[in-house]
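Student: I'm new to this one and would like a close look at a single part: the disulfides. Could you walk me through them slowly?

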Amino acid sequence: MNKRLFRRSVFGGVAIGALIMAGAANAQEADTTEDDVVTTIDEKPAEDEARQEKIVVTGSLIARDEFASSSPIQVITAEVATLEGLVDTAALLQGSSLAAGSTQLNNTFQNYVTNGGLGAQTIDLRGCGDTRTLVLIDGKRPGASGTRGSIAALDLNVLPQSIISRVEVLKDGASTIYGSDAVCGVVNIITRDSVDRPELNFDISRPFDSGGEQYGVSGAWGFDLGDNANFTISAEYRLSEELDVSERDYLECPRDYVRDANGGGLLDRLNYSATATDPTRNCSNLYYNTAIEYFTYQRLVPTPGGGTTPLYIGSSLPGYMPRVGTGVDPNSGALYYQDVLDSPMLDNQDFFPRNQNLSIFGTADVDIGGMQWDTELLYSRRETESEGWRQFFPYVGGVMNESATALMLEQWFGVDSATAAYYAPYYTDYLAYSTDATYGNPLESLAIPIMPYPTYDKVTVDYYYLSSSLSGGFSPGFMDGWSWKIDGSYSRGEGTYEGNEILVSKSGDWTYDLEDWTGDGVADSVAPPSINYFDPDILSGAAVDTLVAAVGGYQSGSTVYEQTTFTAVLAGELFELPAGPVGVGFGAEYREFSIDDQPGALTQSGDIWGSSTAGPTKGTNKVSEIFAEISVPLLKGVPLAEDVEFSGSVRAFDYDLGGSDAIYKAGLNWQITPTVRARTSYGTSYRAPALFELFLEDQTGYVNQMNVDPCINWGESQNATLRTNCAAAGVPQDFAGGSSSALVISSGGGELLEPETGDTFTAGLIWTPTFADINIALDYYEVEISDQITSLSAAQIVGGCYYGSTYPNDFCDLFERNAGTGTGAYALDNIQAPTLNVDSQSQSGLDLEIRYTNEFNFGTLTFDSSMNWAFERYINVFGSDFVSGVSDDDFNGTIGYPSVVGNASVRLDRGDWTYTWFVDFIGRQDNNRRWETVDYNEPQSYFGLDGLYKVYTEAQWTHGASVRWQGDTWSVTGGISNIFDEHPPQVSDIVTTSAGNTPLYATGYDLRGRRAFVSVSKSF
């Protein structure tokens, strides 16, 4: 259906529904006596009272009644965090229904390159991306912070939870009021403006299983200086202990997780490795303790009974044997493997890293001759530490004959056979290690030892934020009813990131030799290894300290992000109309922001093996903006139009980098009857390129070949375009996929980037009957983003090549595919992922909020519920005429993006006691609905057997309960989260990035497990 026609239909439906509901409500009210009427939370106050209570709410410049906005607003109180055991700001916001339906950066992506760096936590409303959700502190925009070059969104770690009074979440775009980034919503964190008595607060959240404990202590003090000055200061310290993957059974043991299609249990191969103590512990945590002969691809694994097996001509590897990749037990018929994939040594790998936060927050409110001077100062320090393991598999060995040398030159350096034969004698002498005693015997081929290597990363971020504003009115008789406000703010984030690395220069890896890996224009050479990689103690990790001493290095990088903002606003009433005064607001803003990221010396020099590399990311951008808003009362006190108000706003902007343009927004708020209100809004929005999107230097990462290569087993695909193009590329139809990860190189788009533009439409209906204290709000939303700025995923780039109606195309120039011989035959590599503008992103769905309150003889009962239904969420990449099968990436309902999420709570207040039961719901998610060449609802071949892969997660309800006692100076709260210890659903390992078989992108599930929480507060 045409979008414009659809919007008109929705608004017409809202109006018709409002009339029907109004009639029903009026019929009900006819039977209600005056004594039965209870004031509701959304009832419109009398005119004089409304004038007194008018405030400036999120999404507007003009003072008004909170419930008179044409935009939907959700309010989350700080009390929710106490009663539900939510220990930090990120947990409070990411668990809301507007955020739970999308993947959140929640401190679980330790081994991946993410925006903000290790430990950063952000908020993403509706799955649009955290760069399209604006976070404010008391209506003002703080700057971002974090580490590495990809910084854009505010890290929620900098905001101490103890200073929060409430959070107002604007559910539609507000770029006309707040500028860039306010595309899919605005989160306005309202802080406490006073502290009546000194207070101390202690809280703890402790899982029933070990690991992942969280502790917090905070204090606040407020005082007055005379009648015109109020000051507060508060401090908070929080510690989140690490949670190792071994401490949760749903995180610690990744399996194939394939079921027998003919009934029965799992088909997963049994663990027949030499180190296995239980064949059914078939975990694939790390592939190591293996040696591979490059040209024959023979793999040697430990021999259960010991002994010596030839490795190469003239050489041997004691205690190792040629492995059976997948075998069949002749006695039981079970599948098995002999590779070493697990070890107790790996148990210390972090899922949640250790995280410490220290915050200090101060406020000053001073009345200066009728003017109000408000100042806020925030300091925050975060330290995050993470431990884990990785593989180290250098291509090493000695080449003693000219034919082997020539073959290596062809495969690794891409020279033709004639050139390779010409240079073979020279390089044979150059590469010979026959006199090196490291290996004991001369090796006559290229070899790949696969060893475990420990990782350690630490991030420290210091954040400074200062905001000061001066506001007031005008002299009596001059511009009565008008007010002005001038704001200035400055923020600075200083981050350091450090950790251990593997040095290319000490690795002995031939793949780096004679390449310019330092980037200085001169071919670099790699020294032979200083230790014997084929020593069983090195391969197994028993002598890992020796390995680290031989090839390890340590480095530290730094990131500084600064932002300065000045804003001026003038607001008041122009004139009176029969329905009320016309309100207007005018403003101007100037903002300057910069980033300076300097990676560690090893990263910049290229002397870093198998890890992300990046150059400095440095740049500055500036913007000047003007904006205006108007509120026009159209009707008041007439039948079916108790109060009808039009609102409109405009904004013009001019960026140094990012262009200039203007946007607008219009809204209608229609109080049909005293109990029924309709609201709708439509507006345009924009998002200028973030600094990292403009200036990010080449940054590398790695991706599993199985997750990105559509040519894997393309002979089984029903897509004719894919079959034709993969065949044209020379890939065999039964190609099983590359064995190693593919390198992905991300970079900024520079001056080629254009701003994103968007359209947001909302239509809602609110019912607040007088026969009961209930408020029901139903809002439809629709967001379209054009020229979306993104770095395409590796899967989109490779898919764009092979699904394209034209082959080869521009996508194909963005990656390489290996030749068809040797280790890594046909594997993908060097996938270039520049930041660019793609076609569009679209979101639509429904939000439902219900609040019911009633006083019974046993206490006051309150029910709160919030739900979100997403109808569609897709990214249209470039165009359907160009890329068949990839253009419409519909990710609604896939893992990480459930179609339905919600939460609810029932609360009983009885004297000094409060009893709360709270529930979170997350809907079913299924990756089979994405553009896949294989239907995983049908049996698939699993090593010759019919197996069923699980590519979906079940819907889940998570329950919790708490009890609070509140006295004059003491308050004690205790409860249990996840009472029934619901574990996250498990999926097959082919689905997505996971820990164990828990999909990482499904962040809406509870990953810590059942836990008890206690909070104690004392005021003096």
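Tutor: Sure, let's start with the term itself: a disulfide here is a pair of cysteine sulfur atoms within 2.5 Å. In general, such a link is a covalent bond between the sulfur atoms of two cysteines. Keep in mind that this is a predicted model, where local features need pLDDT of at least 70 and side-chain atom pairs count only at pLDDT 80 or more, while totals for chains, interfaces and linings use all residues. Residues are numbered from 1 along each chain as its sequence is written, and side-chain values use heavy atoms, with hydrogens and water left out.

By that rule there are 4 disulfides. Number the bonded cysteines of the protein in sequence order and the pairing reads 1-2, 3-4, 5-6, 7-8. Let's go through some of them.

Take Cys128 and Cys184, joined with an S to S distance of 2.1 Å. The torsion about their S-S bond is about -90°, so this disulfide is left-handed. The pair links distant parts of the chain, 56 residues apart: Cys128 sits in the loop between α4 (89–94) and β2 (134–137), and Cys184 in the loop between α5 (175–178) and β4 (186–191). Those labels come from DSSP runs numbered from the N terminus, with helices being H or I of at least four residues and strands being E of at least two. Both Cys128 and Cys184 are buried, meaning under 20% relative accessible area (exposed is over 50%, partly exposed in between, using a 1.4 Å probe and protein chains only).

Next come Cys253 and Cys283, with S to S at 1.7 Å. Their link is left-handed too, at -95° about the S-S bond. Cys253 lies in the loop between β8 (243–244) and β9 (258–260), and Cys283 in the loop between β10 (270–271) and β11 (290–293), so the pair ties together parts that are 30 residues apart in sequence. Cys253 and Cys283 are both buried.

Now look at Cys801 and Cys812, joined at 2.0 Å from S to S. Here the torsion about the S-S bond is about 100°, so the disulfide is right-handed. Cys801 belongs to helix α14, while Cys812 is in the loop between α14 and β34 (816–817), 11 residues apart. Cys801 is buried, as is Cys812.

Helix α14 itself spans residues 794–802 and is mostly covered, with 9 of its 9 residues buried. Among them are Ala794, Ile797, Val798 and Tyr802, alongside Cys801.
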